[in-house]
Amino acid sequence: MGLKGLSGNKQEVQLAGKVQMRMENKLRSAFAPRQLTITDESALHAGHASAPEGGESHFHVEISAEALDGLSRVDRQRAVNKVLADELAGPVHALRMTVR
């Protein structure tokens with residue numbers, strides 16, 4: 001099985017790096033999500049100038065949380081960006097989001 005992401009599904013066996021685990025912990029703490037999947041997509045960008053060796057630079061976050069209900073799409077994304085500000089200022093080059 002290749003690298004994928006983390007989710008609430010305990011049946012999935014996932015491999016995750018330190019950045020991905022830190023992102024998951026922060027998002028779970030901030031939003032207590034109904035659903036959370038974080039996928040490291042860095043391998044898709046291997047060889048690009050912005051893709052560091054070793055990965056953990058490009059992620060896709062899928063999150064659904066009551067704390068985000070009622071917010072506009074932009075405000076939901078801003079809330080996620082705020083929680084992950086340290087990662088976005090450092091090791092994370094790109095963050096793709098699906099926020100419900």
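These legends walk through several close-up views of a predicted model.

Residues are numbered from 1 along each chain as its sequence is written, and side-chain values use heavy atoms, with hydrogens and water left out. Because the model is predicted, local features need pLDDT of at least 70 and side-chain atom pairs count only at pLDDT 80 or more, while totals for chains, interfaces and linings use all residues.

**View 1. The whole chain, with three helices and four strands.**
Start at the N terminus and you'll meet the elements in the order β-α-β-β-α-α-β. Helices (H or I, at least four residues) and strands (E, at least two) are DSSP runs, numbered from the N terminus. Of the 100 residues in the chain, 37% are buried. Here buried means under 20% relative accessible area, exposed means over 50%, and partly exposed is in between (1.4 Å probe, protein chains only). About 6000 Å² of the chain is exposed, and carbon and sulfur atoms supply 52% of that. These areas come from the Shrake-Rupley method with a 1.4 Å probe; for residues, only the protein chains shown count as cover. Now look at contacts, meaning heavy atoms within 4.5 Å. Among those between residues at least 6 apart in sequence, 62% join residues at least 24 apart.

**View 2. The largest nonpolar core, with its 17 residues.**
A nonpolar core is a set of buried Ala, Val, Leu, Ile, Met, Phe, Trp, Tyr and Cys residues joined through side-chain atoms within 4.5 Å. The residues with the most contacts inside this one are Met23, Leu27, Val61, Ile63, Val80 and Leu95. Helix H1 (18-31) and strands E2 (35-40), E3 (58-64) and E4 (94-99) each chip in at least two residues. H1 gives the most, with four. Take Val80 as a way in: leaving aside neighbours within four places in sequence, its contacts are Leu27, Phe31, Ile63, Met97 and Val99. In soluble globular proteins, nonpolar side chains tend to be buried together.

**View 3. Helix H1 and its buried side.**
H1 has 14 residues and reaches 20 Å from its first C-alpha to its last, close to the 20 Å expected at 1.5 Å a residue. That expected span is 1.5 Å times one less than the number of residues in the helix. Val19, Gln20, Met23, Glu24, Leu27 and Phe31 are the buried residues to look for in H1. They cover an arc of only 135° around the axis, so they sit on the same side of H1. The arc is that of the directions from the helix axis to the C-beta atoms. On the face turned away from this buried side are the exposed residues Lys18 and Ser29.

**View 4. Just past the end of H1, at alanine 32.**
Alanine 32 is found in the loop between H1 and E2. Its phi is near 45°, a positive value in a residue other than glycine. Most residues other than glycine have a negative phi, and most peptide bonds are trans. With a relative accessible area of 59%, alanine 32 is exposed. Back inside H1 is alanine 30, which counts as partly exposed because its relative accessibility is 41%. Alanine 30 and valine 83 are 53 residues apart in sequence, yet 7.2 Å apart in space, C-alpha to C-alpha.

**View 5. Strands E2 and E3, side by side.**
E2 and E3 run antiparallel and are joined by six bridges; strands pair if DSSP finds at least two bridges between them. Aspartate 40 stands opposite phenylalanine 59 in E3. Five of the six residues of E2 are buried, so the strand is largely enclosed by the rest of the structure.

**View 6. Leucine 68, in the loop between E3 and helix H2 (73-83).**
Its relative accessible area is 1%, so leucine 68 is buried. Beyond neighbours within four places in sequence, leucine 68 is in contact with Phe31, Ile63, Arg76, Ala79, Val99 and Arg100. The C-alpha atoms of leucine 68 and phenylalanine 31 are separated by 7.7 Å, though the two are 37 residues apart along the chain.

**View 7. Glutamate 87, in helix H3 (residues 85-89).**
Glutamate 87 counts as buried because its relative accessibility is 2%. Not counting residues up to four places away in sequence, glutamate 87 touches Val19, Arg22, Met23, Lys26 and Val92. From glutamate 87 to valine 19 is 68 residues along the chain, and their C-alpha atoms are separated by 7.5 Å.
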